[in-house]
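User: Could you take a close look at the ligand site for me, with the cut-offs spelled out?

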Amino acid sequence: MTRELWTRVDDYLNDALLSADPVLEAALADSGAAGLPPIAVSPSQGKLLHLLAVTAGARSILEIGTLGGYSTIWLARALPPGGHLVTCEYEPRHAKLARANLDRAGFGADVAEIRVGAALDTLPTLTGPFDFVFIDADKANLAAYVEAAFSLSRQGTTIVADNVIRGGAVADPTDTDRSVRGVREMFDLLHEDDRFDATAVQTVGDKGYDGFLLARIR
Ligand code: SAM
């Protein structure tokens, strides 16, 4: 199997299941034009996040790692009237573009709030509980983000963390890459920790070989 095939199948599935979406497409186009890295979730992953948040009945959503707000828009669209989302972003330049993309998508700061700064500094300033948490920032701090998410959760809160397979490197205990070590620290934390009920799923697609963690607070 090749990445070319995975991309062809992703294109097929997107055509089959996703409608043209000028607002999301503009968010990606403006992010690219502004020089942001092309590391947003894929359309099918965005829809998965949306469906998971809707299924969880989320009225309050926390995201760690905004970039240009692409996944944020998918998540904000899952909110019912009166719902609220907070997204944490380190880079002011990313946050500024995300603000514009969210505004264009119809989610002002009263609905989708961006907290700028290192997430380990901004998370303790937030008030929970959140119903749904999406973790998609630096991987070195993943375990700390899962702990922070727990502090801001309630029983039944859903937590999703992206990019936890790292092309398979996660299974190599000798790998010294900071992101791989960060992911492994997160799995060490979750191992037999009865606060969480968790699984992880490997994925392939136009973003390559990776995967995500899905956890529920017991
Ligand atoms: N969730 C976004 C999407 O799918 O559209 C993609 C997020 S991108 C993979 C990761 C983002 O996390 C980047 O914008 C990066 O600047 C941000 N980030 C990295 N380290 C961070 C930190 N310590 N605190 C907050 N954000 C951070």
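Analyst: Happy to; here is the ligand site, followed by the loop that takes part in it. This is a predicted model, in which local features need pLDDT of at least 70 and side-chain atom pairs count only at pLDDT 80 or more, while totals for chains, interfaces and linings use all residues. Residues are numbered from 1 along each chain as its sequence is written, and side-chain values use heavy atoms, with hydrogens and water left out.

Let's begin with the neighbours. Around the ligand there are 22 residues (a residue is near if one of its heavy atoms lies within 4 Å), and those that come nearest are Val41, Gly65, Ser71, Glu89 and Asp136. The elements giving two or more residues to this shell are α4 (70-76) and β2 (84-89); helices (H or I, at least four residues) and strands (E, at least two) are DSSP runs, numbered from the N terminus.

Next come the polar contacts, meaning pairs of N or O atoms within 3.5 Å. A polar backbone atom of Gly65 is 2.8 Å from a nitrogen atom of the ligand. Ser71 uses its side chain: a polar atom there lies 2.8 Å from a ligand nitrogen. From Leu67, a backbone N or O atom lies 3.3 Å from an oxygen atom of the ligand. The protein buries 88% of the 600 Å² that the ligand exposes when taken alone (accessible areas by the Shrake-Rupley method with a 1.4 Å probe).

Leu67 deserves a second glance. Its place is the loop between β1 (60-64) and α4, and its phi is positive, about 50°, although Leu67 is not a glycine. For context, most residues other than glycine have a negative phi.

Note on methods: A polar contact is a pair of N or O atoms within 3.5 Å; within protein, one must be able to donate a hydrogen and the other to accept it, and residues adjacent in sequence count only if both atoms are side-chain atoms.
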